Amino acid sequence: MTALTLSTAGAATLRADALVVGVAKSGKTLVVAPGAEAVDKAFDGLAAVLETLGASGAEGEATKLPAPAGLKAPVVLAVGLGAAPEDGESYDAEVLRRAAGVAARTLTGSKKAAFALPIAAAEDAAAIAEGALLGAYAYTAYQETGKDAKKPLAEVALLGAKPRDKAYKAAAERAQAVAEEINRARDLVNQPPNDLYPATFAAAVQAAGKEYGLKVQVLDEKALTKGGFGGILGVGNGSVNPPRLVRVAYTHPKAEKTLALVGKGITYDSGGISLKPAGHNETMKCDMAGAAAVFSSVVAAARLGLEVNVTGWLALAENMPSGSATRPGDVLRMYSGKTVEVLNTDAEGRLVLADALTKASEEHPDAIVDVATLTGAMVLALGDRTFGIMANDDDFRTAIHEIAEEVGEQSWPMPLPADLRKTMDSPTADMANMGVRMGGGLVAGLFLQEFVGEGIAWAHLDIAGPAFHEGAPYGYTPKGGTGSSVRTLVKLAERTAAGEL
Ligand code: BES
Ligand code: ZN
Ligand code: ZN
């Protein structure tokens, strides 16, 4: 884990392996961003040196330079910040977060980096800390150790972050907790499905529960059978690794509100009997990213001591074909009592979520948010960096969209058109697990809505696109698991605690 320190030292005097500075475009010229004045001076004009090297100051750009005499660090890394803000304005938090991420990623293999990026307020320090800790992430659990070149940056020192100022200290501590929890979610998503299956996922929750004082209850296949959880059992019964429903609860004695978070936890989605073709199953270990985000967010709420109760529900199953697997045509009796005809065993997420939503509703939380890598249709609609938000309440959907924007997560509000509901009518059961293909992400949302308790505000985040990044790393986003939606959920819990929702 990468360490974070706030330092009072000047950029010229701090001992580090590299010194990170920001460079921006001001019209056609390059400018060195505030915070790096001493570095600029040591170079006798850093912008000109960077221009000579062809740097443009564009976001994502990183230029490594040998440090001149007068600096304690041997290397200077200039990261692009895009257009410099207007006079009196400060840099956008997401720009700082991404630039810090690029720097941390570029410095893989280094021990300590000092970040001299522009900090005008505590929020800027938080964004830089978050970006650096997220960018430093690497998943190496299954690789030979001892290769220094692959070791993530070990220490991030923030310069200009006022360590004795309460607001700065709190902002840095929050950033570190949130970043570490996002990285926990990434680890779980990246863990191969032969090692992460429902029972081992549940054990990981129990271990974290002990560490952070959370109440963890695990329903195993026996308890699920006894309770009548036909959706979760129907999806899990093709696998030798039986399903689990995990409840992980953080409570605060002064909490006035309870937020329930429900996560899709398909530890591997082969499609089941409706088997996915080659090319569609290589990344399907990511199908538990919703459950990972929910788990991490509950732990984050505990680490931050938020004055709100946050209950996580993880619907864990492995979707496999076998002689005991659910067939297309089977009818499942769900936990709610409703019957569902399974027309396509690859539409399994909604089945496990339905049972968890019914169960979560029994406790009458003030709001429920479910998170799921639910449909390929949402990826077609919004691409692979944006999650869709559906809800039974327009204000709640808008609030989540705005929160996501504020924390730097791309999302978009999606409708739940009532006319699509009838496409899930079944001649045999109360409904089918599939409707029309067009608008498939919305059909899935309409399916889930039927299992939400009366009068409870509910939102559904379809993170199928952004949960797993297959392209080259960018900003603070690595290849593989991204930890999508954790920042949004944590901020939502904070807003709920503050009585703002
Ligand atoms: N896990 C998939 C959705 C998915 C697709 C996640 C791509 C991440 C990336 C889900 O279980 C699924 O297979 N959905 C089907 C539903 C269809 C059969 C109604 C889909 O989207 O094709
Ligand atoms: Zn599926
Ligand atoms: Zn799935």
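Where does ligand 1 sit? In this predicted model, ligand 1 occupies the largest pocket.

## Surroundings of ligand 1

The shell around ligand 1 is made up of 16 residues. By class, these shell residues are 5 nonpolar, 4 polar and 7 charged. Lys276, Asp287, Asp346, Glu348 and Gly376 are the closest to the ligand.

## Polar contacts

Two lysine side chains are placed against oxygen atoms of ligand 1. For Lys276, a polar side-chain atom is 2.8 Å from a ligand oxygen. For Lys264, the separation between a side-chain N or O atom and an oxygen atom of ligand 1 is 3.2 Å. Lys264 belongs to strand β10, which spans residues 258-269.

Gly376 contributes through its backbone: an N or O atom there lies 2.7 Å from an oxygen atom of ligand 1. On its own, ligand 1 has 520 Å² of accessible area, and the protein covers 77% of it.

## Annotated positions

An unreviewed UniProt entry carries the annotation "binding site" for Lys264, Asp269, Asp287 and Glu348. These positions are spread over 85 residues of sequence, yet they cluster in space, with a largest C-alpha distance of 11.2 Å. Of this annotated set, Glu348 is part of the lining of the second largest cavity.

The record and the model can be read side by side. Asp287 and Glu348, both covered by the annotation, are among the residues closest to ligand 1. Lys264, also covered by the annotation, has the 3.2 Å side-chain approach to a ligand oxygen described above.

Notes. Residues numbered from 1 in each chain as written. Chains lettered and ligands numbered in written order. Predicted model: local features only at pLDDT ≥ 70, side-chain atom pairs only at ≥ 80, totals over all residues. Heavy atoms only, no water. Near = heavy atom within 4 Å. Polar contact = N/O pair within 3.5 Å; in protein donor to acceptor, adjacent residues only side chain to side chain. Areas by Shrake-Rupley, 256 points an atom, 1.4 Å probe, with all protein chains shown as cover. 1 Å grid on protein atoms, 1.4 Å probe; cavity = no way out; pocket = protein on both sides within 12 Å on 5 of 7 lines; lining within 4 Å. Sits in = over half its atoms within 2 Å of the grid points. Nonpolar A, V, L, I, M, F, W, Y, C, P; charged D, E, K, R; others polar. UniProt positions renumbered as here; feature names shortened; annotations may be inferred. Helix = DSSP H or I, 4+ residues; strand = E, 2+ residues; numbered from the N terminus.
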